[in-house]
Amino acid sequence: MSSSDTIGNGDLPDPKSLNREGFNKQRRYFLIGATAVAGGVGVAGAAVPFLASWSPSAKARALGAPVTLDISKLRPGEMLGPVPAWRGKPIFVLYREEEAVERLKAENDTLADPGSENAEVTPDFARNPWRSERPEIGVYVGLCTHLGCSPKYYGEVKPEPFDPEWQGGFFCPCHGSRFDMAGRVVKGVPAPDNLPVPPYRFVSDSVVVIGEGEGTA
Ligand code: FES
């Protein structure tokens with residue numbers, strides 16, 4: 001794979017053709033629709049625009065070739081992925097809002113490993129409240145550490161059927177595991193560990209290479 005193999009979310013609808021609410025809905029649908037790609041479930045049609053800009057070969061991905069992601073169009077509160085970008089594993093790239101960045105700094109005794117002590121899933125560079133190089137951008141392997149389902153992103157702070165005091169994060173519908181906005185697992189759910197942090201590095205503010213640098217997955 002060459003360094004020019006860049007994946008982005010540049011196939012979003014033209015904002016001028018939609019009112020703001022419509023655009024946001026379309027945009028959210030696109031980003032979340034991309035979740036169908038690697039999880040093997042969901043709305044296949046929504047993944048097509050995403051796949052159109054996907055160029056690395058399956059063999060290169062399986063061998064763990066680095067994959068470059070353009071996140072320039074990702075907005076606070078949104079998630080790109082899962083992107084099949086690391087040894088065939090789905091990757092989540094999350095752009096946290098400022099409130100979420102601040103919230104993650106608070107002590108939280110509902111988490112199983114709030115300090116990310118388990119080095120098997122958190123490399124040194126990500127041993128911080130966000131589990132990431134940059135506080136606002138989180139990069140995680142999108143596989144539940146229970147039995148490997150792909151958790152769903154619920155980024156809003158609002159009561160959810162699975163948690164009336166939901167603060168945003170990921171919910172695995174398979175057996176009910178929950179993770180916060182840094183991929184830290186909640187106590188008492190089937191998943192034993194936080195979502196793994198893959199190797200990655202930023203080559204600019206808006207371009208990240210998955211599969212290079214220090215990581216665990
Ligand atoms: S695979 Fe996620 S809770 Fe079981």
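In the predicted model, strand 3, which spans residues 79–86, is mostly covered, with eight of its eight residues buried. This strand runs antiparallel to strand 4 (residues 89–95), to which it is joined by five bridges. Within this pairing, Pro-84 has Pro-90 of strand 4 as its bridge partner. Strand 3 and strand 4 form a hairpin with two residues between the strands, and in this hairpin Arg-87 adopts a positive phi near 50 degrees.

A further set of strands, 6, 7 and 8, makes up an open sheet of three strands in the order 6-7-8, with antiparallel pairing. The edges of this sheet are formed by strand 6 (152–154) and strand 8 (178–179), each of which pairs on one side only. Strand 6 is paired in the antiparallel sense with strand 7 (residues 169–171) over three bridges, and Tyr-153 is found opposite Phe-170 of strand 7. In general, the strands of a sheet pair through backbone hydrogen bonds, in either a parallel or an antiparallel arrangement.

Outside these strands, Pro-129 is located in the loop that runs between helix 5 (98–103) and strand 5 (137–141). Pro-129 counts as partly exposed because its relative accessibility is 27%, a value that falls between the limits of under 20% for buried and over 50% for exposed residues. When neighbours within four places in sequence are left aside, Pro-129 is in contact with Leu-104, Lys-105, Ala-182 and Arg-184. The C-alpha atom of Pro-129 is separated by 8.4 Å from that of Ala-106, although the two residues are 23 residues apart along the chain.

Key:
Residues are numbered from 1 along each chain as its sequence is written. This is a predicted model: local features need pLDDT of at least 70, side-chain atom pairs count only at pLDDT 80 or more; totals for chains, interfaces and linings use all residues. Side-chain values use heavy atoms; hydrogens and water are left out. Two strands pair if DSSP finds at least two bridges between them. Helices (H or I, at least four residues) and strands (E, at least two) are DSSP runs, numbered from the N terminus. Buried means under 20% relative accessible area, exposed over 50%, partly exposed in between (1.4 Å probe, protein chains only). Contact means heavy atoms within 4.5 Å.
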